[in-house]
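Have the sequence and the 3D view ready, and let's walk through this fold one piece at a time. We'll begin with strands, then move on to loops and a pocket.

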Amino acid sequence: MARTLVIGNKNYSSWSMRPWIALKATGVTFDEVVIPLYTGDADKRRILAFTPAGKVPVLVDGDVTIWDSLAIIEYAAERFPKAQLWPDDVAARAHARSVAAEMHSGFAALRNECGMNIHRPVGAKPLSDAARADIARVQEIWTDCRHRYGRFGPYLFGRFSGVDAMFAPVVHRFRTYAVELDPIAQGYMEVMMALPAFQEWTQAALAETWIIDKFETD
């Protein structure tokens, strides 16, 4: 099998977006298989044919199968060093991995209350204190990274990296739910939204016709 990335609906699947953006933005070629989520047993079996974990995304590269967003980014960084998915400097790379891992495992309130739904009309909604704390922490991360590495380029660690891919769905969440940000965080959002790979994903998401009712409640 050619290098293949299996993903869910682009409108909703934030975890699929992360490795897709990482690969696309850095020029790693792949075939794409979209399997719509929550459509019944047939599509679930299609996902299970790629991984017994039964979840997307999944990267299949020859005999290698990876079924986690951050693990796919790590694999791509090793497999395709020219993609430069992590900073060259040891200390910056450790910082980048820490920030990416925090995104991977944290921010539950923000995820639950501001689900990725790209076709949702832009507008604010009431949020819990926990979600607001998550938003504040994301802003803190973005602002700190821009202060430290802004002289190297417009992304969190200067050039585009795996960290930007990990935060790409948050950019959509902040846009969709009209989250007010400080100027530095807002500027970073605008840089991400101008990224061709980000725009390509967004346009494809808006063209989808699948609707998942449980994600259309707010």
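L59 in β3 has I66 in β4 as its bridge partner. Those labels come from DSSP: helices are runs of H or I with at least four residues, strands are runs of E with at least two, and the numbering goes from the N terminus. Two strands pair if DSSP finds at least two bridges between them. β3 covers residues 58–61, and three bridges join it to β4, the two running antiparallel. Another spot to look at is D61, which stands opposite V64 in β4. Between these strands sit two residues, which makes β3 and β4 a hairpin, and G62 in the turn has a positive phi of about 65°.

Before going on, a word about what you're looking at. This is a predicted model, so local features need pLDDT of at least 70 and side-chain atom pairs count only at pLDDT 80 or more, while totals for chains, interfaces and linings use all residues. Residues are numbered from 1 along each chain as its sequence is written, and side-chain values use heavy atoms, with hydrogens and water left out.

Now for the other neighbour of β3. β1 and β3 are joined by three bridges and run antiparallel. Here T4 has V60 as its bridge partner in β3, and V6 has V58. V6 also stands opposite V33 in β2. That brings us to β1 (residues 4–7) and β2 (residues 31–34), which pair in the parallel sense over four bridges. In this pair, I7 is matched with V34 of β2 as its bridge partner.

How do you get from β1 to β2? Along the way comes helix α1 (residues 14–25), and together β1, α1 and β2 make a right-handed β-α-β unit. Right-handed here means that, with the strands pointing away from the viewer, the path from the first strand over the helix to the second runs clockwise.

Put the strands side by side and you get an open sheet of four, in the order β2-β1-β3-β4, with mixed pairing. β2 and β4 (64–66) stand at the edges with a single partner strand each, so one side of each has no neighbour in the sheet. From one strand to the next, the twist averages 15° (axes are lines fitted to C-alpha atoms, for helices over the stretch in contact, and angles run from 0 to 180 degrees between N-to-C directions).

Which way do the side chains go? In β1, T4 and V6 point one way and L5 and I7 the other, and all are buried. In β3, V58 and V60 point one way, L59 and D61 the other, and again all are buried. Buried means under 20% relative accessible area, exposed means over 50%, and partly exposed is in between, using a 1.4 Å probe and protein chains only.

Next, some backbone oddities. Most residues other than glycine have a negative phi, and most peptide bonds are trans. The peptide bond from V56 to P57, however, is cis, with omega near 5°. P57 sits in the loop between α2 and β3. Y38, in the loop between β2 and α2, is not a glycine, yet its phi is positive, near 60°. Y38 counts as exposed because its relative accessibility is 56%. Q84 isn't a glycine either, but has a positive phi of about 50°. You'll find Q84 in the loop between α3 (69–79) and α4, partly exposed with a relative accessible area of 34%.

Finally, look for the largest pocket. Rolling a probe the size of a water molecule over the atoms shows where empty space is left. On a 1 Å grid over the protein atoms alone, a pocket is an open set of points where a 1.4 Å probe fits, with protein on both sides within 12 Å along at least five of seven lines; lining residues have an atom within 4 Å of a point. The largest pocket holds about 840 Å³ of space. Its lining has 33 residues, and S14, W15, L37, Y38 and F215 lie nearest the centre. At least two lining residues come from each of α1, α2 (41–48) and α5 (108–113). By class, the lining has 13 nonpolar, 11 polar and nine charged residues.

Note on methods. Grid points are joined across faces, edges and corners, and a volume is the space filled by probe spheres set on the points. Ala, Val, Leu, Ile, Met, Phe, Trp, Tyr, Cys and Pro count as nonpolar, Asp, Glu, Lys and Arg as charged, and the others, Gly among them, as polar.
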